[in-house]
Structure formats: C-alpha cells, structure tokens
Amino acid sequence: MTRILTTTAAMLALTAPAFAQVAMDTDADGNVTYEEFIAAYPDSDADMFASMDSDGDSVLSAAEVEAAVEAGLLPS
C-alpha cells in the first residue's frame with residue numbers, strides 16, 4: 001500500500017507542471033503568452049512573467065512553466 005501511495009505521489013508531482021501549462025495555454029499552441037498568463041494569474045504582473053521567460057521570447061514554454069513551478073513562482 002505504501003508503495004502505491006509513494007508511486008502515485010511521485011507521478012502527481014511530475015505531472016503538476018504539465019497541468020499548469022495546459023490550464024494557462026488557452027489556445028493550445030504549446031506556449032503561454034502574457035495575456036494567457038495574466039488571465040490565469042490576474043494578481044501577477046509583467047515583471048513576474050519576464051522572470052519566468054528565461055529565453056526572452058515573450059512566451060512561456062512547457063520547460064519554463066515547469067521551472068517556475070519548481071522554483072515556487074507558480075502553484076502546481
């Protein structure tokens with residue numbers, strides 16, 4: 001039983017960033033624009049978005065969302 005719970009918890013932890021990405025990516029293009037980000041997190045601002053946009057291309061990729069979740073910048 002403990003093994004099942006541990007495996008389930010690990011799977012959920014690994015998929016949390018993917019859920020964050022899908023929830024924000026309303027046009028399903030694989031990236032999160034500033035507009036999509038603000039719609040999902042209205043209390044955030046351009047500076048927060050820019051801090052997560054590590055490559056400076058004005059969109060958040062799945063990897064950038066994952067890094068933001070891991071860094072505690074976004075809830076999982």
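Are Phe 37 and Phe 49 buried or exposed? In this predicted model, Phe 37 is buried, and Phe 49 is buried as well. The sections below place these two residues in the fold, beginning with the chain as a whole.

## Overall architecture and confidence

The protein comprises four helices and two strands, and, read from the N terminus, these elements follow one another in the order α-β-α-α-β-α. The chain has 76 residues, of which 28% count as buried, and about 5,000 Å² of the protein is exposed, with carbon and sulfur atoms supplying 62% of that area. Among contacts with a separation of 6 or more, 39% are between residues 24 or more positions apart.

The mean pLDDT of the protein is 80, and 71% of the residues reach 70 or more. Over residues 5–17, however, pLDDT stays under 50, and for this stretch the model has four contacts beyond four places in sequence. Helix α1 is assigned to residues 2–24, and the stretch 5–17 with pLDDT under 50 falls within that range. Where pLDDT is low, the predicted coordinates should not be read in detail.

## The nonpolar core

The largest nonpolar core has eleven residues, namely Met 24, Val 32, Phe 37, Tyr 41, Phe 49, Met 52, Leu 60, Val 65, Ala 68, Val 69 and Leu 74. The elements that give two or more residues to this core are α3, spanning residues 46–52, and α4, spanning residues 62–70; the largest share, three residues, comes from α4.

Phe 49, a member of this core, counts as buried at 6% relative accessibility. Leaving aside residues up to four places away in sequence, Phe 49 touches Val 32, Thr 33, Tyr 34, Phe 37, Ser 58, Val 59 and Leu 60. Among these partners, Val 32, Phe 37 and Leu 60 also belong to the core, while Val 32 and Thr 33 make up strand β1, which is assigned to residues 32–33.

## Aromatic cluster

Tyr 34, Phe 37, Tyr 41 and Phe 49 form one aromatic cluster, and the count of aromatic pairs in the protein comes to three. In one of them, Tyr 34 and Phe 49 meet edge-to-face, at 5.5 Å centre to centre and with 85° between the planes. This pair links distant parts of the chain, since Tyr 34 lies in helix α2 (residues 34–40) and Phe 49 in helix α3, 15 residues apart. The two partners differ in exposure: Tyr 34 counts as partly exposed at 30% relative accessibility, whereas Phe 49 counts as buried at 6%.

Phe 49 also pairs with Phe 37, with ring centres 5.5 Å apart and planes at 55°, so this pair is tilted. Here again distant parts of the chain are linked, with Phe 37 in helix α2 and Phe 49 in helix α3, twelve residues apart.

## The two sides of helix α4

The buried residues of α4 are Glu 64, Val 65, Ala 68 and Val 69. Because they cover an arc of only 140° around the axis, they lie on the same side of α4. The face turned away from this buried side carries the exposed residues Ala 63 and Glu 70. Just after the helix, Gly 72 takes a positive phi of about 80°.

## A buried aspartate and the contacts of the loops

Asp 53 lies in the loop between α3 and β2, the latter assigned to residues 59–60. With a relative accessible area of 9%, Asp 53 counts as buried, because that value is under the 20% cut-off. Not counting residues up to four places away in sequence, Asp 53 touches Ser 58, Val 59, Leu 60 and Glu 64. Of these, Glu 64 is one of the buried residues of α4.

Gly 30 is found in another loop, between α1 and β1, and is partly exposed, with a relative accessible area of 37%. The C-alpha atoms of Gly 30 and Ala 62 are separated by 7.1 Å, although the residues are 32 apart along the chain. Ala 62 has its place in helix α4 and counts as partly exposed at 46% relative accessibility. Between Gly 30 and Leu 60, which are 30 residues apart along the chain, the C-alpha separation is 8.8 Å.

How values were computed: Residues are numbered from 1 along each chain as its sequence is written. This is a predicted model: local features need pLDDT of at least 70, side-chain atom pairs count only at pLDDT 80 or more; totals for chains, interfaces and linings use all residues. Side-chain values use heavy atoms; hydrogens and water are left out. Buried means under 20% relative accessible area, exposed over 50%, partly exposed in between (1.4 Å probe, protein chains only). Contact means heavy atoms within 4.5 Å. Accessible areas come from the Shrake-Rupley method with a 1.4 Å probe; for residues, only the protein chains shown count as cover. A nonpolar core is a set of buried Ala, Val, Leu, Ile, Met, Phe, Trp, Tyr and Cys residues joined through side-chain atoms within 4.5 Å. pLDDT is the predictor's confidence in each residue, from 0 to 100. The arc is that of the directions from the helix axis to the C-beta atoms. Rings of Phe, Tyr and Trp (its six-membered ring) pair if their centres lie within 6.5 Å; planes under 30 degrees apart count as stacked, over 60 as edge-to-face and the rest as tilted.
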